[in-house]
Structures are given as C-alpha cells and as structure tokens.
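Q: I would like to learn how to read a few local features of a protein model, beginning with how its elements are named. Could you take me through them one by one?

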Amino acid sequence: MSVLVVGSLALDSIETPFGSVKDAIGGSAVYIATAASYFSSPIRLVGVVGGDFPRAGMALLEEHNIDLDGLEIIPEGRTFRWAGRYRYDLNERDTLSTHLNVFETFDPKVPDSYRRSRIVCLGNIDPQLQLRVLDQVENPQIVVCDTMNYWIERKNAELRSTLKRINILILNESEARLLSNEPNLIKAAKLIRGMGPEVVIIKKGEHGSLLITERIVFSAPAYPMENNFDPTGAGDSFAGGFVGWLARTDDSSEENLKRATIYGSTLASFCIERFGVDGLADLTYLQIQDRFRAFRELSRFDEE
Ligand code: AMP
C-alpha cells in the first residue's frame, strides 16, 4: 500500500555522552520514510529543504526508493535546523535550538500522483502544515500523526484541529501528559482519544511503549541494548516501522496493530545503535525479522 509521509528534513546538531555531530542529516520525514521503506512501497515524501541540504541526504532517500516528487528544494533557502543535547540518562533531552528556516514559509503541495495515498503519516511538523496536507488527500484509509512538546505548547489549537482528523496518534509520555494535563498515562490516553484519534501510542524511551485503543492496553518492551549511542530519531523510526508494517499488511485489526508496534520498536532499536540516520541506512529485511522475533522472547514466560 502507498504511504505519504510529511515532516521535517533537517540538519541536526546532536550531543550525547558518547560524542557529538554537527549538521547531520535528520528530520522526522527522513527517519519515517527510511524506516517505512523496508516494508512497503511506494513511500512518498512531502517536505522542503534549502540549497544547503547535502547530496548525501538526497542519496539516502533515493537509495531507499522514496518518491521525492513532493520534495520542494529552495536553492537560496536554509534547511530546517535542530540542536539537542542528551544527558547521561539518554531518556532526557534538552532542545538547544530550533530554526524553522524554509519551513517558516512552507506551503505543502501534494502532487496529483500522491493524492490517493492509502496511509498518511503526519510526521512531527507544524500542525497547520499537517492539516494542509490532509486537505489535499482523498479519503485516506489510515492517518497516523506524531507531534512534540514544541507544537503542543506553541500551536495547541491547531494541533487540536489536526487531532480531530486522525486515527492514530504517536507521542511520548511527557508529551501525552502535557497534551492531556493528566499525569496518569492510561487516563491521559483516554482523554487524548476523546480529542479525535481512536488509537494512542505512548512511547516511553527505553521503557517501551503502550498501545491503547478503546478495548486494549498493549505494553511493548523496548529492545534492551548495550550500544545505545544516539536516541535522535528513535520516535520517528518507530512511526516509520509502524506505518510500514500496516502498509505491507493492509490490516488494522488490534492483533496487527500490536505487531506494527513491535516493528516500530524494532526500527527504533536499530536507529539508536548509531549516530543520526546511520543506524537505518543499510538494514536488511532479514535483520529486521530476526530482531522482531527476539522481541517475543523478551517477555515470554511459562506459567509454571
Ligand atoms: P525524535 O528523536 O524521533 O523525536 O525526532 C528527532 C528529529 O525531529 C530530529 O531529526 C529533528 O530534526 C526533528 N525535530 C526536532 N524538533 C522539531 C520540530 N519542532 N519540528 C519538526 N521536526 C523537529
């Protein structure tokens, strides 16, 4: 099934206790589309970059057969930039700076060839832009949305409008608390479901994630890793693995949503093993399957 991804394409400057990089290729759309490309095609991208976006970034997307007809390049513009620092506890991250640059005036145009995409994944980006993309697609089967504290705080009303039009919201635990004003995550998910999405997925970093629907709460572990270098993009890789699996299987039953959640966790685990997008760059489907199966062993036990 076809997947349309909208989100940021970025140059990220990241500091972790293990090292740092400057102007590394990143952005929500890059992580989501690359992760999803291991499962299904076509993956179609809508976004914008400036003339300074490196050739290696385009090559990464091209090598993963991502359709770039919806990518706008503004030669005289500067690409979106984000800088973040992780503390010793990699679950904690401080945003040092966010420069929207070309995103400040971006007006997304969905090419005709993308309008009938069956799954739409609204990556972390200004909720007004997410809405404008939704206005240009015809009856998508599933709309998945990711967001972050930056938009919950700055564009709350716009985000509420987006939420009314989506099926599945993916966000992390502090964002769920911020959006719902409720500390308990199960109650928070209930309140968020009342804002529109039927399904809420709450990511808890190295503590896994919760998939919450009207009827079930499914708790997925995170893969215990010794080599956890850089969590940047883990959330987006999760979203990419999740939508990729849904697109591959065309099945939105609760059982399959659980599998999609584990595929999301699988792609996130590969992402954090290396800096930036490197962990997603050259995986094989076999590697992904092996780790997916390893997840089953993580929490399987006998009654006696
Ligand atoms: P994650 O670690 O999955 O939450 O996503 C990290 C990616 O999100 C980085 O590559 C950033 O470039 C991108 N990002 C950070 N802040 C924003 C923002 N306000 N809007 C869009 N993308 C962002």
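A: We begin with the naming of elements: helices (H or I, at least four residues) and strands (E, at least two) are DSSP runs, numbered from the N terminus. Please keep in mind throughout that this is a predicted model.

Q: With that naming in hand, where does proline 42 lie, and what is the peptide bond from serine 41 to proline 42, cis or trans?

A: Proline 42 sits in the loop that runs between helix 1 (28-36) and strand 4 (43-50), and the peptide bond leading into this proline from serine 41 is cis, its omega being near 0 degrees.

Q: Which sign does phi have at asparagine 139, and where is asparagine 139 found?

A: Although asparagine 139 is not a glycine, its phi is positive, at about 45 degrees, and the residue belongs to the loop between helix 3 and strand 9 (142-146).

Q: How should I read the packing of helix 3 and helix 5?

A: Two packed helices are described by the angle between their axes together with the distance between those axes. For helix 3 (residues 127-134) and helix 5 (residues 156-163), the angle is about 30 degrees and the axes are 8 Å apart. Because angles under 35 degrees count as roughly parallel, helix 3 is roughly parallel to helix 5. Their crossing is left-handed, and the contact brings Pro127, Gln128, Gln130 and Leu131 of helix 3 against Glu158, Leu159, Ser161 and Thr162 of helix 5. Sorted by class, the residues of this contact are three nonpolar, four polar and one charged.

Q: How are helix 8 and helix 9 placed relative to each other?

A: The axes of helix 8 (residues 234-249) and helix 9 come within 7 Å and cross at roughly 140 degrees, and the two helices are therefore oblique to each other. Helix 8 passes helix 9 in a right-handed crossing. In this contact, residues of helix 8 including Phe238, Phe242, Trp245 and Leu246 meet residues of helix 9 including Leu257, Tyr263, Leu267 and Cys271. The classes represented there are eleven nonpolar, seven polar and one charged.

Q: At what angle does helix 9 pack with helix 11, and how far apart are their axes?

A: Helix 9 and helix 11 pack at an angle of about 115 degrees, with 9 Å between their axes, and their crossing is right-handed. On the helix 9 side the contact includes Arg259, Ile262 and Tyr263, which face a helix 11 side that includes Arg291, Phe292 and Phe295. The class counts for this contact are seven nonpolar, five polar and two charged residues.

Q: Turning to empty space, how much of it lies in the second largest pocket, and which residues line that pocket?

A: Rolling a probe the size of a water molecule over the atoms shows where empty space is left. In this model the second largest pocket holds about 230 Å³ of space, and among the residues lining it are Phe218, Pro221, Lys258, Arg259, Ile262, Phe292 and Phe295. Strand 13 (217-220), helix 9 (254-271) and helix 11 (285-298) are the elements that each give two or more residues to this lining, and helix 9 gives the most, with four. By class, the lining has six nonpolar, two polar and four charged residues.

Methods: Residues are numbered from 1 along each chain as its sequence is written. This is a predicted model: local features need pLDDT of at least 70, side-chain atom pairs count only at pLDDT 80 or more; totals for chains, interfaces and linings use all residues. Side-chain values use heavy atoms; hydrogens and water are left out. On a 1 Å grid over the protein atoms alone, a cavity is a set of points where a 1.4 Å probe fits but cannot get out, and a pocket is an open set with protein on both sides within 12 Å along at least five of seven lines; lining residues have an atom within 4 Å of a point. Grid points are joined across faces, edges and corners, and a volume is the space filled by probe spheres set on the points. Ala, Val, Leu, Ile, Met, Phe, Trp, Tyr, Cys and Pro count as nonpolar, Asp, Glu, Lys and Arg as charged, and the others, Gly among them, as polar. Axes are lines fitted to C-alpha atoms, for helices over the stretch in contact, and angles run from 0 to 180 degrees between N-to-C directions. Angles under 35 degrees count as roughly parallel, over 145 as roughly antiparallel, 65 to 115 as roughly perpendicular and the rest as oblique. A crossing is left-handed if the near helix is turned anticlockwise from the far one by less than a right angle, and right-handed if clockwise. Contact means heavy atoms within 4.5 Å.
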